[in-house]
Amino acid sequence: MDEELNTTYVTLDGYIEVNKYRYVYFCIIFTLYIIIICSNSTIVYVIWIHKNLHEPMYIFIAALLLNCLLYSTTIYPKLLIDFLSEKQVITYSACLFQFFIFYTLGSSEFFLLAAMAYDRYVAICKPLEYPTIMNKTTVSIFLVVSWLIPAFHIAVQAIGSAEATLCNFNLKGIFCNNAVYTLQCVRSRLIIVFGVVALIDLIILPMLFIVFTYTNIFIISYQSCKEVRKKAAETCLPHLLVLISISCLSIYDVSIARVESDFPKTARLLMTLQIVLYHPLFNPFIYGLKMKEISKQLKRFFCHARIITCINYEC
(Lines give C-alpha, C1' and ligand atoms only; values in the text may rest on other atoms or scores of the structure.)
Protein backbone atom coordinates (compact mmCIF):
# COMPACT_ATOMS: atom_id res chain seq x y z
CA MET A 1 0.00 0.00 0.00
CA ASP A 2 2.81 2.39 0.93
CA GLU A 3 4.54 1.63 -2.35
CA GLU A 4 1.37 2.59 -4.26
CA LEU A 5 1.10 5.87 -2.38
CA ASN A 6 4.75 6.70 -3.12
CA THR A 7 4.40 5.93 -6.84
CA THR A 8 4.39 9.02 -9.07
CA TYR A 9 2.01 8.85 -12.02
CA VAL A 10 2.20 10.97 -15.16
CA THR A 11 -0.82 11.65 -17.39
CA LEU A 12 -0.19 11.38 -21.12
CA ASP A 13 -2.06 14.42 -22.36
CA GLY A 14 -1.28 14.21 -26.08
CA TYR A 15 -4.30 12.19 -27.19
CA ILE A 16 -7.22 13.74 -29.08
CA GLU A 17 -10.76 12.48 -28.38
CA VAL A 18 -9.45 9.05 -27.40
CA ASN A 19 -12.76 8.12 -25.75
CA LYS A 20 -14.62 8.73 -29.02
CA TYR A 21 -12.17 7.07 -31.40
CA ARG A 22 -10.42 4.55 -29.13
CA TYR A 23 -11.32 1.50 -31.26
CA VAL A 24 -10.41 3.25 -34.51
CA TYR A 25 -7.03 4.25 -33.02
CA PHE A 26 -6.51 0.74 -31.68
CA CYS A 27 -7.26 -1.01 -35.00
CA ILE A 28 -5.04 1.34 -37.01
CA ILE A 29 -2.08 1.16 -34.63
CA PHE A 30 -2.44 -2.61 -34.13
CA THR A 31 -2.50 -3.19 -37.90
CA LEU A 32 0.54 -0.98 -38.46
CA TYR A 33 2.41 -2.68 -35.61
CA ILE A 34 1.80 -6.11 -37.18
CA ILE A 35 3.00 -4.77 -40.55
CA ILE A 36 6.14 -3.35 -38.92
CA ILE A 37 6.88 -6.65 -37.16
CA CYS A 38 6.28 -8.75 -40.29
CA SER A 39 8.15 -6.52 -42.75
CA ASN A 40 11.24 -5.96 -40.59
CA SER A 41 11.34 -9.58 -39.34
CA THR A 42 11.03 -11.01 -42.85
CA ILE A 43 14.07 -9.12 -44.14
CA VAL A 44 16.09 -9.98 -41.03
CA TYR A 45 15.13 -13.65 -41.48
CA VAL A 46 16.05 -13.60 -45.18
CA ILE A 47 19.47 -12.12 -44.36
CA TRP A 48 19.98 -14.68 -41.61
CA ILE A 49 19.16 -17.80 -43.68
CA HIS A 50 21.11 -16.87 -46.83
CA LYS A 51 24.86 -17.19 -46.45
CA ASN A 52 25.54 -14.97 -49.46
CA LEU A 53 23.99 -12.13 -47.43
CA HIS A 54 26.33 -12.69 -44.48
CA GLU A 55 28.39 -9.67 -45.50
CA PRO A 56 29.04 -6.56 -43.38
CA MET A 57 26.60 -4.36 -45.31
CA TYR A 58 23.70 -6.81 -44.89
CA ILE A 59 24.59 -7.51 -41.27
CA PHE A 60 24.34 -3.78 -40.56
CA ILE A 61 21.00 -3.66 -42.39
CA ALA A 62 19.73 -6.57 -40.27
CA ALA A 63 20.90 -4.75 -37.13
CA LEU A 64 19.14 -1.57 -38.29
CA LEU A 65 15.86 -3.41 -38.90
CA LEU A 66 16.16 -5.26 -35.58
CA ASN A 67 16.68 -1.84 -34.04
CA CYS A 68 13.39 -0.71 -35.64
CA LEU A 69 11.58 -3.72 -34.18
CA LEU A 70 12.80 -2.98 -30.64
CA TYR A 71 12.17 0.74 -31.16
CA SER A 72 8.54 0.07 -32.14
CA THR A 73 8.02 -2.42 -29.30
CA THR A 74 9.07 0.28 -26.85
CA ILE A 75 6.12 2.42 -27.96
CA TYR A 76 3.32 0.38 -29.55
CA PRO A 77 2.22 -1.98 -26.73
CA LYS A 78 1.78 0.99 -24.37
CA LEU A 79 -0.13 2.93 -27.06
CA LEU A 80 -2.50 -0.01 -27.56
CA ILE A 81 -3.11 -0.30 -23.80
CA ASP A 82 -3.76 3.45 -23.54
CA PHE A 83 -6.32 3.40 -26.35
CA LEU A 84 -8.39 0.85 -24.41
CA SER A 85 -7.90 2.50 -21.00
CA GLU A 86 -10.11 5.11 -19.38
CA LYS A 87 -7.06 7.07 -18.24
CA GLN A 88 -3.80 7.37 -20.16
CA VAL A 89 -1.25 7.28 -17.36
CA ILE A 90 2.21 5.88 -16.75
CA THR A 91 4.43 5.73 -13.68
CA TYR A 92 7.33 8.18 -13.76
CA SER A 93 9.88 5.37 -13.42
CA ALA A 94 8.33 3.49 -16.37
CA CYS A 95 8.24 6.76 -18.28
CA LEU A 96 11.99 7.25 -17.79
CA PHE A 97 12.65 3.64 -18.81
CA GLN A 98 10.68 4.22 -22.03
CA PHE A 99 12.62 7.46 -22.52
CA PHE A 100 15.92 5.58 -22.08
CA ILE A 101 15.09 2.76 -24.52
CA PHE A 102 13.51 5.11 -27.09
CA TYR A 103 16.51 7.44 -27.33
CA THR A 104 19.12 4.71 -27.01
CA LEU A 105 17.68 2.86 -30.01
CA GLY A 106 16.99 6.07 -31.91
CA SER A 107 20.57 7.27 -31.43
CA SER A 108 22.07 3.87 -32.27
CA GLU A 109 20.49 4.20 -35.71
CA PHE A 110 22.83 7.09 -36.52
CA PHE A 111 25.82 4.98 -35.46
CA LEU A 112 24.65 2.03 -37.57
CA LEU A 113 24.21 4.34 -40.57
CA ALA A 114 27.72 5.68 -39.93
CA ALA A 115 29.05 2.11 -39.87
CA MET A 116 27.26 1.45 -43.18
CA ALA A 117 28.79 4.59 -44.66
CA TYR A 118 32.27 3.46 -43.66
CA ASP A 119 31.58 -0.01 -45.03
CA ARG A 120 30.55 1.46 -48.41
CA TYR A 121 33.58 3.76 -48.40
CA VAL A 122 35.97 0.83 -47.95
CA ALA A 123 34.08 -1.34 -50.50
CA ILE A 124 34.07 1.32 -53.21
CA CYS A 125 37.26 3.29 -52.53
CA LYS A 126 39.51 0.50 -51.20
CA PRO A 127 38.07 -2.72 -52.70
CA LEU A 128 41.32 -4.73 -52.43
CA GLU A 129 41.62 -3.98 -48.69
CA TYR A 130 37.91 -4.59 -47.97
CA PRO A 131 38.18 -8.23 -46.70
CA THR A 132 41.03 -7.25 -44.37
CA ILE A 133 39.44 -4.08 -42.97
CA MET A 134 35.80 -5.19 -42.73
CA ASN A 135 36.36 -8.51 -40.99
CA LYS A 136 34.16 -10.12 -38.31
CA THR A 137 36.00 -8.38 -35.49
CA THR A 138 35.52 -4.93 -37.04
CA VAL A 139 31.82 -5.57 -37.66
CA SER A 140 31.33 -6.83 -34.08
CA ILE A 141 33.07 -3.74 -32.67
CA PHE A 142 30.88 -1.43 -34.76
CA LEU A 143 27.72 -3.18 -33.57
CA VAL A 144 28.70 -3.10 -29.89
CA VAL A 145 29.74 0.56 -30.07
CA SER A 146 26.51 1.46 -31.90
CA TRP A 147 24.44 0.31 -28.93
CA LEU A 148 26.74 0.92 -25.94
CA ILE A 149 27.71 4.57 -26.55
CA PRO A 150 24.09 5.78 -26.92
CA ALA A 151 23.05 3.69 -23.89
CA PHE A 152 25.73 5.36 -21.74
CA HIS A 153 24.78 8.89 -22.84
CA ILE A 154 21.04 8.42 -22.39
CA ALA A 155 21.49 6.61 -19.06
CA VAL A 156 23.12 9.73 -17.58
CA GLN A 157 20.14 11.86 -18.62
CA ALA A 158 17.61 9.29 -17.39
CA ILE A 159 19.33 8.99 -13.99
CA GLY A 160 19.54 12.79 -13.71
CA SER A 161 15.83 13.06 -14.50
CA ALA A 162 15.00 10.41 -11.89
CA GLU A 163 16.50 12.64 -9.19
CA ALA A 164 14.63 15.77 -10.35
CA THR A 165 11.65 17.24 -8.50
CA LEU A 166 8.42 17.32 -10.52
CA CYS A 167 6.05 20.29 -10.58
CA ASN A 168 3.90 19.12 -13.49
CA PHE A 169 2.31 15.70 -14.02
CA ASN A 170 0.72 16.22 -17.44
CA LEU A 171 2.98 15.21 -20.32
CA LYS A 172 2.24 16.85 -23.67
CA GLY A 173 2.63 13.67 -25.66
CA ILE A 174 1.49 10.09 -26.17
CA PHE A 175 4.74 8.53 -24.96
CA CYS A 176 7.78 9.61 -22.97
CA ASN A 177 10.19 11.56 -25.15
CA ASN A 178 12.07 14.82 -24.50
CA ALA A 179 8.83 16.31 -23.18
CA VAL A 180 9.64 14.68 -19.79
CA TYR A 181 11.89 17.68 -19.12
CA THR A 182 8.81 19.94 -19.03
CA LEU A 183 7.60 18.01 -15.97
CA GLN A 184 10.58 19.07 -13.87
CA CYS A 185 10.50 22.15 -11.63
CA VAL A 186 14.08 23.04 -12.52
CA ARG A 187 16.16 21.30 -15.14
CA SER A 188 19.56 20.47 -13.59
CA ARG A 189 22.84 21.62 -15.11
CA LEU A 190 23.84 17.96 -15.53
CA ILE A 191 20.86 17.33 -17.82
CA ILE A 192 21.37 20.56 -19.79
CA VAL A 193 25.11 20.07 -20.30
CA PHE A 194 24.91 16.35 -20.98
CA GLY A 195 21.94 16.92 -23.29
CA VAL A 196 24.13 19.15 -25.46
CA VAL A 197 26.98 16.61 -25.29
CA ALA A 198 24.59 13.81 -26.28
CA LEU A 199 23.22 15.85 -29.18
CA ILE A 200 26.73 16.43 -30.50
CA ASP A 201 28.05 12.90 -29.87
CA LEU A 202 24.99 10.90 -30.88
CA ILE A 203 23.57 12.89 -33.80
CA ILE A 204 25.76 15.70 -35.13
CA LEU A 205 29.13 13.88 -35.23
CA PRO A 206 27.75 10.67 -36.85
CA MET A 207 25.89 12.82 -39.41
CA LEU A 208 29.03 14.81 -40.23
CA PHE A 209 30.98 11.56 -40.60
CA ILE A 210 28.31 10.14 -42.92
CA VAL A 211 28.20 13.28 -45.07
CA PHE A 212 32.01 13.39 -45.26
CA THR A 213 32.21 9.68 -46.15
CA TYR A 214 29.55 9.81 -48.87
CA THR A 215 31.07 12.98 -50.31
CA ASN A 216 34.36 11.12 -50.76
CA ILE A 217 32.51 8.13 -52.26
CA PHE A 218 30.72 10.31 -54.82
CA ILE A 219 33.91 12.18 -55.74
CA ILE A 220 35.82 8.94 -56.33
CA SER A 221 32.84 7.35 -58.10
CA TYR A 222 32.48 10.35 -60.42
CA GLN A 223 36.13 10.02 -61.38
CA SER A 224 35.79 6.27 -61.98
CA CYS A 225 34.09 4.16 -64.64
CA LYS A 226 30.35 3.79 -65.16
CA GLU A 227 30.26 0.43 -63.33
CA VAL A 228 31.69 1.95 -60.14
CA ARG A 229 29.20 4.85 -60.32
CA LYS A 230 26.32 2.38 -60.72
CA LYS A 231 27.50 0.30 -57.74
CA ALA A 232 27.83 3.43 -55.59
CA ALA A 233 24.32 4.62 -56.51
CA GLU A 234 22.70 1.21 -55.88
CA THR A 235 24.25 0.67 -52.45
CA CYS A 236 24.52 4.23 -51.11
CA LEU A 237 21.16 5.71 -52.14
CA PRO A 238 19.04 3.57 -49.73
CA HIS A 239 21.31 4.52 -46.81
CA LEU A 240 21.03 8.23 -47.69
CA LEU A 241 17.23 8.02 -47.92
CA VAL A 242 17.05 6.40 -44.47
CA LEU A 243 19.45 9.03 -43.09
CA ILE A 244 17.30 11.88 -44.44
CA SER A 245 14.20 10.24 -42.97
CA ILE A 246 15.56 9.78 -39.44
CA SER A 247 17.25 13.20 -39.51
CA CYS A 248 14.02 15.05 -40.34
CA LEU A 249 12.13 13.27 -37.57
CA SER A 250 14.97 13.89 -35.10
CA ILE A 251 14.96 17.61 -35.88
CA TYR A 252 11.28 17.72 -34.94
CA ASP A 253 11.85 15.80 -31.71
CA VAL A 254 14.74 18.00 -30.61
CA SER A 255 13.23 21.35 -31.63
CA ILE A 256 9.53 20.90 -30.76
CA ALA A 257 9.09 18.09 -28.23
CA ARG A 258 11.66 19.55 -25.86
CA VAL A 259 10.35 23.12 -26.01
CA GLU A 260 7.32 24.02 -23.94
CA SER A 261 5.23 26.00 -26.43
CA ASP A 262 1.69 26.55 -27.70
CA PHE A 263 2.28 24.20 -30.61
CA PRO A 264 -1.19 22.97 -31.74
CA LYS A 265 -2.14 19.70 -30.07
CA THR A 266 -3.34 18.10 -33.32
CA ALA A 267 -0.14 19.03 -35.15
CA ARG A 268 1.94 17.76 -32.23
CA LEU A 269 0.08 14.43 -32.27
CA LEU A 270 0.48 14.01 -36.04
CA MET A 271 4.21 14.78 -35.92
CA THR A 272 4.73 12.46 -32.95
CA LEU A 273 2.90 9.64 -34.74
CA GLN A 274 5.18 10.10 -37.75
CA ILE A 275 8.20 9.36 -35.55
CA VAL A 276 6.80 5.99 -34.47
CA LEU A 277 4.88 5.08 -37.65
CA TYR A 278 6.69 6.41 -40.68
CA HIS A 279 10.28 5.44 -40.02
CA PRO A 280 9.85 1.78 -38.92
CA LEU A 281 7.80 1.21 -42.10
CA PHE A 282 10.15 3.21 -44.31
CA ASN A 283 13.29 1.18 -43.52
CA PRO A 284 12.08 -2.27 -44.67
CA PHE A 285 10.43 -0.71 -47.73
CA ILE A 286 13.68 0.99 -48.79
CA TYR A 287 15.98 -1.96 -48.10
CA GLY A 288 13.51 -4.53 -49.41
CA LEU A 289 13.01 -2.81 -52.76
CA LYS A 290 16.19 -0.82 -53.36
CA MET A 291 18.84 -3.35 -52.28
CA LYS A 292 19.16 -5.67 -55.28
CA GLU A 293 20.30 -8.84 -53.46
CA ILE A 294 17.72 -8.50 -50.67
CA SER A 295 14.96 -7.84 -53.20
CA LYS A 296 15.95 -10.92 -55.18
CA GLN A 297 15.96 -13.17 -52.11
CA LEU A 298 12.63 -11.74 -50.93
CA LYS A 299 11.01 -12.63 -54.27
CA ARG A 300 12.34 -16.19 -53.97
CA PHE A 301 11.14 -16.39 -50.36
CA PHE A 302 7.58 -15.31 -51.20
CA CYS A 303 7.44 -17.51 -54.32
CA HIS A 304 8.52 -20.50 -52.23
CA ALA A 305 5.95 -19.65 -49.55
CA ARG A 306 3.24 -19.32 -52.21
CA ILE A 307 4.09 -22.71 -53.73
CA ILE A 308 3.93 -24.40 -50.31
CA THR A 309 0.58 -22.71 -49.60
CA CYS A 310 -0.81 -23.88 -52.94
CA ILE A 311 0.35 -27.47 -52.32
CA ASN A 312 -1.19 -27.51 -48.84
CA TYR A 313 -4.41 -26.01 -50.18
CA GLU A 314 -4.71 -28.68 -52.89
CA CYS A 315 -4.04 -31.35 -50.30
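Helix α3 takes a bend of about 30° at T73, and a proline, P77, comes along within four residues. The bend here is the angle between axes fitted to the seven residues ending at a residue and the seven starting there, while helices are DSSP runs of H or I with at least four residues and strands are runs of E with at least two, numbered from the N terminus. All of this comes from a predicted model, in which local features need pLDDT of at least 70, side-chain atom pairs count only at pLDDT 80 or more, and totals for chains, interfaces and linings use all residues. Residues are numbered from 1 along each chain as its sequence is written, and side-chain values use heavy atoms, with hydrogens and water left out.

Back to α3: its 28 residues (56-83) should span 40 Å at 1.5 Å a residue, and the end C-alpha atoms, 40 Å apart, agree with that. The expected span is 1.5 Å times one less than the number of residues. The helix is also mostly covered, as 22 of its 28 residues are buried (under 20% relative accessible area, against over 50% for exposed and in between for partly exposed, with a 1.4 Å probe and protein chains only).

Then there is E17, sitting in the loop between β1 (9-12) and α2 (18-49). Its phi is near 50°, a positive value in a residue other than glycine. Most residues other than glycine have a negative phi. E17 is partly exposed, with a relative accessible area of 46%.
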